[in-house]
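Welcome! Here is a short tour for anyone meeting this structure for the first time. Have a look at the sequence and the 3D view below, then read on.

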Amino acid sequence: MTVEPATGPEPQSVLSPLTTAAIFLVATVDEGGEQSVRDLLADLPGLQRSYGFGAPDGRLSCVAAVGSDAWGRLFGGPRPAELHPFEELAGRRHRAVSTPGDLLFHIRATRQDLCFGLAAEIMDRLRGSVTVADEVQGFKYLDVRDLMGFVDGTENPQGRAAVDAVLVAGEDADFAGGSYVIVQKYLHDLDAWNALPVEAQEKVIGRTKLTNVELDEPASHVSLNTVTDEDGEERQILRDNMPFGSPGRGEFGTYFIGYSRTPEVTEEMLRNMFLGTPDATHDRILDFSTAVTGTLFFAPSADFLDDLPEPPAAAAAERPVPHTRTESPEGTGADGTLGIGDL
Ligand code: HEM
């Protein structure tokens with residue numbers, strides 16, 4: 001076997017193997033908080049090393065991702081070609097809501113204390129500059145099951161297939177090595193779900209519950225999320241869903257996170273789930289699970305964080321003055337002014 005030399009920008013730890021603990025931190029950037037956020041993003045690899053180096057078995061990693069509205073506030077220059085706000089989907093029965101989020105920190109480790117320590121350090125640096133929209137501490141449950149009792153993550157792409165599915169390449173060369181991320185926080189009605197016979201649950205998911213064997217069920221969650229391109233090739237995303245909850249408060253949930261090379265793939269899956277397909281009016285998993293958040297981000301490469309572009313004001317000041325003036329209506333300049341003094 002020949003080993004190809006590594007080329008292209010270094011990604012963040014998007015492809016890191018599944019871990020037993022995670023924290024999902026979503027925040028909006030306050031007016032004036034931009035510089036602190038830029039400083040933190042630049043320091044993030046160092047912070048990860050500080051917390052993770054002493055515990056090599058802990059496999060601590062953190063992926064930082066930026067939302068559409070914040071991108072232009074934080075960075076001058078070009079933006080990722082497909083970065084846009086999460087599009088709300090209103091199905092006949094269920095709604096995929098779109099909720100605020102400028103920053104996502106996806107912190108993973110085999111130990112919750114490592115995730116906690118790094119999250120605390122990040123927040124210490126950002127307090128006063130951001131407003132936290134959501135924080136979820138997730139865990140792996142039993143043998144990698146979600147709280148509905150099914151093994152979750154089986155059909156994730158591996159190796160080269162994962163790289164191809166998840167990392168931007170030459171199609172948007174400025175952002176190669178980056179990845180689009182969609183997150184949704186789901187709350188389950190476990191009383192209703194557990195009242196369903198196991199056979200009916202298996203039809204909803206499309207896999208057997210105990211043995212995790214795939215079933216031929218065209219309207220199942222698995223079928224609705226098996227999407228193909230025009231050549232019949234399967235289009236994949238990389239998921240690292242985590243159960244979370246609070247038995248005391250009766251809260252049971254799944255935090256969905258999907259990385260992809262283009263958000264289009266995850267969006268097609270969501271349309272199938274919420275708006276339906278010729279085989280199903282909607283994904284029946286939604287009859288027992290409510291999406292309470294929904295946000296889209298771009299996780300730039302590690303090289304991008306290492307060498308951040310200038311902030312937008314500095315980038316604008318450096319931009320060359322155009323030699324030619326574009327035609328504008330009613331005698332105004334390209335910027336809509338008369339070009340005379342302040343007018
Ligand atoms: C498959 C659970 C939401 C995409 C599965 C499987 C389970 C599961 C148990 C079968 C095993 C596996 O291959 O992982 C859940 C739960 C969700 C949820 C509990 C939230 C309530 C989503 C969402 C998407 C998604 C929002 C995409 C937007 C997929 C995909 C597969 C899958 C792509 C693999 C399909 C295949 O076999 O090729 N999910 N899921 N899931 N799910 Fe979900």
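## Backbone contacts with the ligand

Let's begin at E155, where a polar backbone atom is 2.9 Å from an oxygen atom of the ligand. Keep in mind that this is a predicted model, with every distance computed from it.

Two further residues touch the ligand through their backbone. G153 has a polar backbone atom 2.5 Å from a ligand oxygen, and in T154 a backbone N or O atom lies 3.1 Å from an oxygen atom of the ligand.

## The shell around the ligand

Where does the ligand sit? You will find the ligand in the largest pocket. Several elements give two or more residues to the surrounding shell: the strands β7 (179-188) and β12 (251-260), together with the helices α7 (221-224) and α8 (263-275). Of these, α8 gives the most, with four residues.

How many residues surround the ligand? There are 28, and the closest are G153, T154, E155, H221 and R239. Sorted by class, the shell holds eleven nonpolar residues, eleven polar ones and six charged ones.

## The annotated N-terminal domain

Now for a feature that comes from a record. An unreviewed UniProt entry carries the annotation "domain: Dyp-type peroxidase N-terminal", which covers residues 12-140.

What does the chain look like over residues 12-140? Helix makes up 32% and strand 29% of this stretch, and its end C-alpha atoms are 22 Å apart.

Key:
Residues are numbered from 1 along each chain as its sequence is written. This is a predicted model: local features need pLDDT of at least 70, side-chain atom pairs count only at pLDDT 80 or more; totals for chains, interfaces and linings use all residues. Side-chain values use heavy atoms; hydrogens and water are left out. UniProt positions are given in the numbering used here, feature names are shortened, and annotations may be inferred rather than shown by experiment. A residue is near a molecule or strand if one of its heavy atoms lies within 4 Å of it. A polar contact is a pair of N or O atoms within 3.5 Å; within protein, one must be able to donate a hydrogen and the other to accept it, and residues adjacent in sequence count only if both atoms are side-chain atoms. On a 1 Å grid over the protein atoms alone, a cavity is a set of points where a 1.4 Å probe fits but cannot get out, and a pocket is an open set with protein on both sides within 12 Å along at least five of seven lines; lining residues have an atom within 4 Å of a point. A molecule sits in a cavity or pocket if more than half of its atoms lie within 2 Å of its grid points. Ala, Val, Leu, Ile, Met, Phe, Trp, Tyr, Cys and Pro count as nonpolar, Asp, Glu, Lys and Arg as charged, and the others, Gly among them, as polar.
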